[in-house]
Amino acid sequence: MTDSNPSDAVEPSDAVGPADPSVAVVGGGAVGVTAAHDLAARGATVTLLERDDLASGASGRAAGVLYDAYAEDVDAAVGARAMERFRAFDRTLSGFAFTPCPYVIAVREGDEDAEAVPEMVDRMRGHGREVAVVDPEELGERFPLRTDDLAIAAVGEGAGWADPGSYVVALGERAAREGVTVETNAEVELVADAGATLRVDGAEREFDAVVVAVGAHTERFLEDGGIAVPVKPYRVQALTSRVAYDGPMTYDATAGVYFRPHPTGLLAGDGTEPFEADPDAYDREGDDWFVENVSGTLRERADHDPEVERAWAGLCTATPDGDPILGPVGEGVFVAAGWQGHGFMRAPATGEILAEGVLASLSGASVDDPGSPWIEAFDPNRFEGDETFEIEEGMSVSNR
């Protein structure tokens, strides 16, 4: 990922926009709900628009794995702020809970990624993260994991997990209580060449700003408004098991499978399909091959013979360089997308950046101004909008 000014980019600021600006947030997932909540807290008049119900899209199908152990500067800063807010919401947001849990990265013998782990961990530690390389035998003594086939492993102590749907619903309810107008089952279009103007259920409505947080629908939604962005949706999968599991969150990097504790027993995924999916017509059920592959890894790594409760698919979004697009894309129009599967775990920080950035932009600030809330490395204008690119898996050792 690209370096920027992380300390300036994600800390709360004193930026304010015009008095009582009207802002429409399109998309009722974790990022959209957080942005709506944070905009209202800063004095904006906010309308949150969702075409289905809150958490009905990617957020409701996300895995809920949370960590801030990133090697790159910007990622580490955004991740740290997100985790700080998740922990605060655990204390203050009724209906939401954050569960601390160590996070293990395991790399098997013969995997070339093993050589990258020590340097990766050193960089994470340089950001103040409690992460350490551990001897596989010691790992096996601490956790109920098979380790005799591992070349190397690392453990992050500051991680945890949460239910994404409960976050969205709880924060959405708080936002509504604090003045956000929440409109669900709304048909929303961006009106072309009309700035921050939407067509909602057939009627045009003007705002001072429009925030687009529609996940897999981003490219199509903005394209209808005459704005081009290179954001591609791709399919990922997860399952839950009814068998109890009391071990750590684990990422078997060689198998490409992660798993964590879950109220029913265990949740596991990845099942990434590295090609573009249709956000309106993708298969929402888990594939047989995915269930078979993940079940095999669970038996191998955690001696967990899953009794599969359900298996499902959701969508993530990718960009040409693996970094998200976050910021202005037109007069009064702002976007957040392209999180490569890390959207929920960064949502509390992303929503905050959106709120502060939108208000700063309405006051005349630019992305590259000193002290701007926007992150230059995530500026959507680094792309022409018509780029072609291959979709790569977002969760990997090389992408940390």
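In the predicted model, arginine 346 is part of helix 9, which spans residues 343-362. Arginine 346 has a relative accessible area of 3%; because the limit for a buried residue is under 20%, arginine 346 is classed as buried. Glycine 286 is 60 residues away from arginine 346 in sequence, and the two C-alpha atoms are 25 Å apart in space.

A second buried position is found in a loop. Alanine 69 is located between strand 3 (65-66) and helix 3 (73-92). Its relative accessibility is 13%, and alanine 69 therefore also falls under the 20% limit for buried residues. Between alanine 69 and threonine 197 there are 39 Å, C-alpha to C-alpha, at a separation of 128 residues along the chain.

Strand 3, which precedes the loop of alanine 69, belongs to an open sheet of three strands. The strand order is 3-8-4, and the pairing is antiparallel. Strand 3 and strand 4 (98-100) each have a single partner strand and stand at the edges, so each has one side without a neighbour in the sheet. In general, the strands of a sheet pair through backbone hydrogen bonds, in either a parallel or an antiparallel manner. The antiparallel contact of strand 3 with strand 8 (residues 160-162) consists of two bridges. In one pairing, leucine 66 has glycine 160 of strand 8 as its bridge partner.

A further antiparallel pair is formed by strand 11 (residues 197-200) and strand 12 (residues 203-206), which are joined by four bridges. Within this pair, arginine 205 of strand 12 is placed opposite leucine 198. The two strands make a hairpin, with two residues between strand 11 and strand 12. Aspartate 201 lies in the turn of this hairpin and has a positive phi of about 50°.

Aspartate 201 is also one of the residues in a surface patch of negative charge. The other members of this patch are Glu187, Glu189, Glu223 and Asp224. Glutamate 187 is situated in the loop that links strand 9 (181-183) and strand 10 (188-190). With a relative accessibility of 55%, glutamate 187 is counted as exposed, because the cut-off for that class is over 50%. The patch thus includes the turn residue Asp201 as well as the loop residue Glu187.

Methods
Residues are numbered from 1 along each chain as its sequence is written. This is a predicted model: local features need pLDDT of at least 70, side-chain atom pairs count only at pLDDT 80 or more; totals for chains, interfaces and linings use all residues. Side-chain values use heavy atoms; hydrogens and water are left out. Patches are made of residues with over 30% relative accessible area and no salt bridge: like charges are joined within 9 Å, nonpolar side chains (Val, Leu, Ile, Met, Phe, Trp, Tyr) within 5 Å. Accessible areas come from the Shrake-Rupley method with a 1.4 Å probe; for residues, only the protein chains shown count as cover. A salt bridge is a side-chain nitrogen of Lys or Arg within 4 Å of a carboxyl oxygen of Asp or Glu. Lys and Arg count as positive and Asp and Glu as negative; His and the chain ends are not counted. The place of a charge is taken as NZ of Lys, CZ of Arg, CG of Asp or CD of Glu. Buried means under 20% relative accessible area, exposed over 50%, partly exposed in between (1.4 Å probe, protein chains only). Two strands pair if DSSP finds at least two bridges between them.
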